[in-house]
Amino acid sequence: MKYRVLVNGSNLAIVKDFLSYKGNYFDCLSTTDAPADLEKHFKLFTPHALLCFVDRLYEGFMENLEALRNSPEYNQAPIIFIAKEETANELAPNEVDLVLLRPITTDNIILRLMNYLDAEVVKRSLLLESEKIVVNDISDAPAEASVNAAPAAAEPSPVAPTAPAAPEVPDDPDRKKHILVVDDDRNVLKMLKTALEEKYEVTATLNGLLVEKVLATKPVDLIVLDYEMPIMTGAEVYRKIKANPESASIPVCFLTGVSDRNKVMEIMSLRPDSYLLKPIDLEMLMTAIENLT
């Protein structure tokens, strides 16, 4: 399924870069933020998302989005901002549906947008299904219930074997978030651990085989995973993480030293939550972690 994305933004260079990269991922149109233009595009294009590349919240911008939300043409599509942290901090709670902090690469915007819209489609499908069940329950209910009827004894059903449960994440707002870093290069591990451990709890491992053991012993909020490793590749580790219901929801950020477009397409086909090229830009990495945790 190709999602339809309506693009808005004052930073023409970033908008142009996104539109040139969209390729096989999205059907895109660009528009101004004038209420009449937004309403027209929502009526004719019916986008799955409105993506706004925002440099600053100039006067009237948020009012225009509010006018769109109140318009009969608005289809409840999420409004997503790409903005710097200082701009995001000016937003009131629930003014937009998702904020991706800059600096962020175009490929990572595409990945985050695809994953977010996939989740939205699933959520809406479940909501529609639950509404259908409620309607059916009401329509199928017997006209009269036997008050004194004893409930039938339910036969015990066989219990299917389950994988060991992952540790529960403690409900502690002051808890440092836990980052698992996996890379076969000791120098990279040392550099990342030093850079991250002031703000995060960090576990570093040289081997993808040890990932499951770490996940079974302590809660993990994010995995930073090297894509090309011996013994067990990043792709193999990623598939195991996502195949296990206990760890499938943990965000994964790939690291790779290969910038070949075919390799990038291979990585993006796995649909990780983010990926960054080596040598690692620590500012980009810290922003990616902020976006994902």
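This is a short chat about the sheet and the nonpolar cores of a predicted model.

Me: Hi! Let's start with the sheet. What is the strand order, and is the sheet open or closed?
Reply: Happy to help! The sheet is open and has five strands, ordered β2-β1-β3-β4-β5 with parallel pairing.

Me: Which strands sit at the edges?
Reply: Those are β2 (26-30) and β5 (98-101), each of which pairs on one side only.

Me: And how many degrees are neighbouring strands turned against each other?
Reply: On average 25 degrees, with direction ignored.

Me: Nice. How many bridges join β3 to β4?
Reply: Four bridges link β3 (residues 49-53) with β4 (residues 79-83). Across that pair, L50 faces I79 of β4.

Me: Which strands does helix α2 lie across?
Reply: Helix α2 (residues 35-45) lies across β1 (3-9), β2 and β3, and runs at about 170 degrees to β1.

Me: Switching topic: which residues have the most contacts inside the largest nonpolar core?
Reply: F18, F26, L51, I223 and L225 do, in a core of 46 residues. Helix α5 (residues 106-140) supplies the largest share of this core, with seven residues.

Me: Is there another core apart from that one, and which residues are in it?
Reply: There is another, of 19 residues, and V188, L192, V202 and M284 are among them.

Me: Back to L51, then. What does L51 touch?
Reply: Leaving out residues up to four places away in sequence, L51 touches V5, L6, V7, N8, F18, I80, I82, I109 and L113.

Me: Why would nonpolar side chains be buried together?
Reply: That is a general tendency in soluble globular proteins.

Terms used:
Residues are numbered from 1 along each chain as its sequence is written. This is a predicted model: local features need pLDDT of at least 70, side-chain atom pairs count only at pLDDT 80 or more; totals for chains, interfaces and linings use all residues. Side-chain values use heavy atoms; hydrogens and water are left out. A nonpolar core is a set of buried Ala, Val, Leu, Ile, Met, Phe, Trp, Tyr and Cys residues joined through side-chain atoms within 4.5 Å. Buried means under 20% relative accessible area, exposed over 50%, partly exposed in between (1.4 Å probe, protein chains only). Helices (H or I, at least four residues) and strands (E, at least two) are DSSP runs, numbered from the N terminus. Contact means heavy atoms within 4.5 Å. Two strands pair if DSSP finds at least two bridges between them. Axes are lines fitted to C-alpha atoms, for helices over the stretch in contact, and angles run from 0 to 180 degrees between N-to-C directions.
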